[in-house]
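Me: Please take a close look at one part of this structure, then carry on to other parts. Keep it brisk, and explain each term once.

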Amino acid sequence: MTEETSAPSGEGPDTLSPAEPAGSGSLEWAEAPASPLPGPEASSRTPPGPGTPGLIAPIPGTPRRPLPGPESPARLPWATALLEVRKILAGALGLFVVTGPAFRYVVPFLAVLVLARVVQIRFVRWWVDPEAFVVERGVLFRERRVILRARVQAVDLERKILHRLLGLTEVRVEALGGGATQGALPGIEPGWAEELRGELLGAGPGTGIGGQDETRPAGSDTAGGAGTVADGPRAGADAGAVGGVETAGPAPPDGIRVRLTGGEVAVAGLTESRLGAGIALLAVSLEPLRQGVFSGWFGPMEELMPVVEQLPWVTLLVGFVVLALLFSMVLSFVLTVLGYWNFTLVQRGRVLEVERGLLTEHRDTVPLGRIQAVRVQENPFRRLMGLAQVKVVVAGRPGGTAVSSTNVILPVGPRAEAFALAARVVGWEPPGEAGPVPPLRPMPEGARRRRRTRALLAAGVGALAGPFLLGGWGGRRFLEGPVLDPMVRGWPFMLLGFLLVLALGLPLARAAWRGLGWAELGSFLAFREGVLERTTTLLARRHLQSVEITSNPFQRRLGLATLTVPVARPLLEVDPRALDLDRADAEALRERILAGHRASPERRPPGGGDGVDPERGGKSTDSGALGVVSKAPEWDV
Amino acid sequence: MTESRAETEVGRGPPGTPEAQGGAPERGMLHALDPRVRILWRVSAGIRAVIWTGAVAVAEFLGWPRGLLEGLLPGWVEPGMPTAGVALLALVLLLVIPSLGYRRWRYALRDHDLWIRKGIVVHRVSVLPYRRLQFVDTRQGPLERWMGLMELVVHTAAPGTSGRIPGLAAAEAETLREVLSRFGPDEEEDG
């Protein structure tokens, strides 16, 4: 265990409530508010409960049990095997529908599969030791996965309806490395799940103790260490709290706390736009519709289809789009409401906890220091209403754009509040009265020209397509006749196509350019992009893993470049980036970021805050090996 | 392109870095890859070219997609022309691309970070702080072993980071690997 290392590191100012040491292992949080007795063995775990009673309480009726240790590993309960068997059977049902009577040949294989899965599940053993969370599995080939507490990125609990019926909780312990969850337990006793979450993140050394030296190898560079204080007092209070492990007690008075009402969740659902999903759903449902599958249910449909097929296809296209929009609205409304029902976000010490879900309950926990970046997303609907969504980027978790994502920390909220939350989560202190929305600088004129050029190119394509798409008669002539003739006859349609696309494209180009922006806010960076849906990414400089500048020929022609700041992120997420910066600006910005990154005090060992970059000191010893030039080069500003 | 733009390091090395004249990797110098990497690239491009040309030839002369292609290809296309075309294109690319790539490829060991420039069409400059390096690999394929070349791959915690230096002389790559892996996060903490 690494508690020892935290003590001498003396990261003073980040203690939250020193009067509140950890509770002992068997402390019941719900019943023992504000009376934390330092247990005999003074486990460093934090009881997440007392500070905010009633917000995220342990699942009722689940007494907490001491976690299994190495000497007494736990197995997954039989009910979990049942859960897994159900998944196989659900697949088999699909197979049955497809194969019909031939299904009986599959049955023996299915039986083997089910048996194998049950055995597999029963062979899983897990426990927690002072350094790590361990899962052992495998029947013939034993595999033991050891996730060091220091490497735990997030702990997410999930209870689907069946889990709830069977009294189980699924646990996902996220660590770095690939897209898949590193430590997954498909179902354990809820009491243990809660306990595990508290143990690994509540105040575990993973995120706290020695925030400096342990967390960085994990790549996430926990906000730990005294240095964060330099980023502003808030950073010290929120993120910097990481250093003071034992002190992480109940949420501080100004801790983050968000609770959405049913109405707000409904607003989130109504303003969630999932056009892609809607189109897919519509396309999938159109075919059976056309074949009259539902004609028994919807009588008039059958008479309707021939009429529909007579319509000109532009009308059809418009109808399709409208229908797709409707579908997507209904779909995303339902998914959002189910996913975010009872959405509650609480900061407890240095972890953020999200509780949400109507049918499937989620309890997601991530330490503030593990959050690499925050994204404020404003889709067109929400922009009209002055609303926004907030998402975090956490390494190890699944990324992507699922409707109700684990990474969302605010499904919908007033824009200013969303930005304020984002700022708090990354530790950025908005200066003065300016408000929490970071003031962004626009991209150079060239960026606007690029987008305008794209609109013109698209209009050109529109001109070529015009006669075919709009032209009916003229278009057909264009295909059949000699070249000159259709040009003569088709030109009104070419013009029309050109103008139509241009009329759509130019405003979009303008929107795309206006959507771009960047800002350097002390030791924080903000980038924004997006044509219709704007995404503002806010991150602390210290989370960068490298800096890349790319430029394609079109950008080079206009003196532009894209600056990307790769962070430890899920594979499906996009790295923070500034599109189409002025190239010289991009290079200067990169050098400033890198210089600030290495000079930032949080990187300094406790004793070495004398302005000497510890790295440089360490490096000079290596110089010999490289025959190093030790003068400071020009770019080292 | 104006002068001021040409001077930015996307076109050159980082400002103030002298170009190294071969030899072991040295800090503060701008290094090119080992010139033999062009041969390596040509050989592997050649293998790919043979495979592609072969595939097109098989498709064309065994007549399998004839029916498919018939309508698509204009009338002046004679038998053998698709294969010859692919072979010619592959040859041209094989001759041109490695030289261009070699000319673009540079790396520099700056004081605090590894600076890598590459990319023929899309120019890319990656800067990786030493302290962010998670691990450093060297890789050698059969061709590379034969030529005494080695590839160095540098990993950070970010999946989007591309730290890869191909075509280093084997000894050079190993020196570099040892040196870079010594800048682990831990060392920095101790320093």
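Reply: **From one residue outward**

A:Asp580 sits in strand E20 of chain A, residues 577-582. Helices (H or I, at least four residues) and strands (E, at least two) are DSSP runs, numbered from the N terminus. This is a predicted model, where local features need pLDDT of at least 70, side-chain atom pairs count only at pLDDT 80 or more, and totals for chains, interfaces and linings use all residues. Residues are numbered from 1 along each chain as its sequence is written, chains are lettered from A and ligands numbered from 1 in the order in which they are written, and side-chain values use heavy atoms, leaving out hydrogens and water.

A:Asp580 is not a glycine, yet its phi is positive, about 60°. Is A:Asp580 buried or exposed? A:Asp580 is buried, because its relative accessibility is 0%. Buried means under 20% relative accessible area, exposed over 50%, and partly exposed in between (1.4 Å probe, protein chains only).

A:Asn342 also has a positive phi, near 60°, and is not a glycine. A:Asn342 lies in the loop between helix H11 (313-340) and strand E9 (344-348) of chain A. A:Asn342 is partly exposed, because its relative accessible area is 40%.

Now take strand E13 of chain A, residues 387-394. Eight of its eight residues are buried. On one side these are A:Leu387, A:Gln389, A:Lys391 and A:Val393. On the other they are A:Ala388, A:Val390, A:Val392 and A:Val394.

E13(A) has pairing partners, where a pair needs at least two DSSP bridges between two strands. Strand E12 of chain A (residues 371-378) pairs with E13(A) in the antiparallel sense over six bridges. There, A:Ala373 has A:Val393 as its bridge partner. Strand E14 of chain A (residues 408-414) also runs antiparallel to E13(A), joined by four bridges. A:Leu387 is bridged to A:Pro414 in E14(A).

Next comes the core. A nonpolar core is a set of buried Ala, Val, Leu, Ile, Met, Phe, Trp, Tyr and Cys residues joined through side-chain atoms within 4.5 Å. The largest one has 37 residues, and A:Val390 and A:Leu345 are among those with the most contacts inside it. Helix H13 of chain A (residues 415-426) gives the most to this core, with seven residues. Apart from it lies another core of 32 residues, including A:Ala74 and A:Trp192. In soluble globular proteins, nonpolar side chains tend to be buried together.

A:Leu345 touches several residues, among them A:Ile256, A:Leu352, A:Ile409 and A:Leu421, not counting residues up to four places away in sequence. Contact means heavy atoms within 4.5 Å.
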